[in-house]
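Please open the structure in the viewer and keep the sequence panel visible. The tour below proceeds by selections, each followed by a short account of what is found there.

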Amino acid sequence: MISDMRRHRGVGRDTDEFTGFVHETAARLHRTALLMTADHHLAEDLVQATYARLYANWRRVRRADNPVGYAMATLTNVHLSHRRLRRSGEIPVSETAETSFHHESPDTALDVLAALRELSPIDRTILVLRYWEDRSVTQTAGALGISESAVRTRSKRAAERLRVRLVDHQPLS
């Protein structure tokens, strides 16, 4: 009887739609979170927290013009909230490279993640939003609550530090 009531109110349909959305977006959200944090375990935690928020507001999310964009904005906010709170005291026991970068060797992926770890969290987040998520300077500044000139300056300097770190890297042909 309860399941009939839920179906009547659309709860079952909402859950099915949300489950499909998770299957479609999980890999992308995880890659973005991994690039923002350079920590596999933290990236998983951020994605889980993002999906919890999305599920709680699923009816609003599914009506949004761009539900994936909504999810990415939520992930960014979860990441920034985590950084502000600094409440995570967990330290991974071992580093793993479980992600796969398209058409790149595992060594390349490890080199990129290592180079990203050397950047400050804000610089890493700016680079991910600007170049991985392809957001504009204005969108990135708005998401992070900083000025557009700060986004331009920090992204230029961070990208240069990455270039120097990856100078010996030879892309696959």
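Which residues of α5 are buried? Select helix α5, residues 67-85, in this predicted model. The buried residues in α5 are A71, M72, T74, L75, T76, V78, H79, L80, S81 and H82. Next, consider the length of the helix. α5 has 19 residues, and at 1.5 Å a residue it should span 27 Å. The C-alpha atoms at its two ends are 27 Å apart, which agrees with that expectation.

**The whole chain**

Now display the entire protein as a cartoon. It contains nine helices and zero strands, so that the pattern read along the sequence is α-α-α-α-α-α-α-α-α. Of its 173 residues, 36% count as buried. Among contacts with a separation of 6 or more, 69% join residues 24 or more positions apart. If a surface is shown, its accessible area comes to about 10,900 Å², and carbon and sulfur atoms account for 51% of this area.

**The nonpolar core**

Select L29, Y51 and L54. These residues have the most contacts inside the largest nonpolar core, which has 36 residues. At least two residues of this core come from each of α2, α3, α4 (58-63), α5, α6 (106-117), α7, α8 and α9 (148-165). The largest share, seven residues, is supplied by α2. In soluble globular proteins, nonpolar side chains tend to be buried together.

Remain at L54 and show its surroundings. Which residues is L54 in contact with, leaving aside its neighbours within four places in sequence? They are F18, F21, V61, Y70, A71 and T74. Two of these partners, A71 and T74, appeared above among the buried residues of α5.

**Two residues with positive phi**

Move to A38, in the loop between α2 (11-37) and α3 (40-56). The phi of A38 is near 60°, a positive value in a residue other than glycine. Is A38 buried or exposed? With a relative accessible area of 3%, A38 is buried, because buried means under 20%.

Finally, select D134, which is placed in the loop between α7 (121-132) and α8 (137-144). D134 also is not a glycine, and its phi is positive, about 55°. Is D134 buried or exposed? Its relative accessible area is 65%, and D134 is therefore exposed, the cut-off for exposed being over 50%. View the two loop residues in turn to end the tour: A38 is buried, whereas D134 is exposed.

Methods. Residues numbered from 1 in each chain as written. Predicted model: local features only at pLDDT ≥ 70, side-chain atom pairs only at ≥ 80, totals over all residues. Heavy atoms only, no water. Helix = DSSP H or I, 4+ residues; strand = E, 2+ residues; numbered from the N terminus. Expected span 1.5 Å × (residues − 1). Buried < 20%, exposed > 50% of the residue type's maximum accessible area, 1.4 Å probe, protein only. Core = buried A, V, L, I, M, F, W, Y, C linked by side-chain atoms within 4.5 Å. Contact = heavy atoms within 4.5 Å. Areas by Shrake-Rupley, 256 points an atom, 1.4 Å probe, with all protein chains shown as cover.
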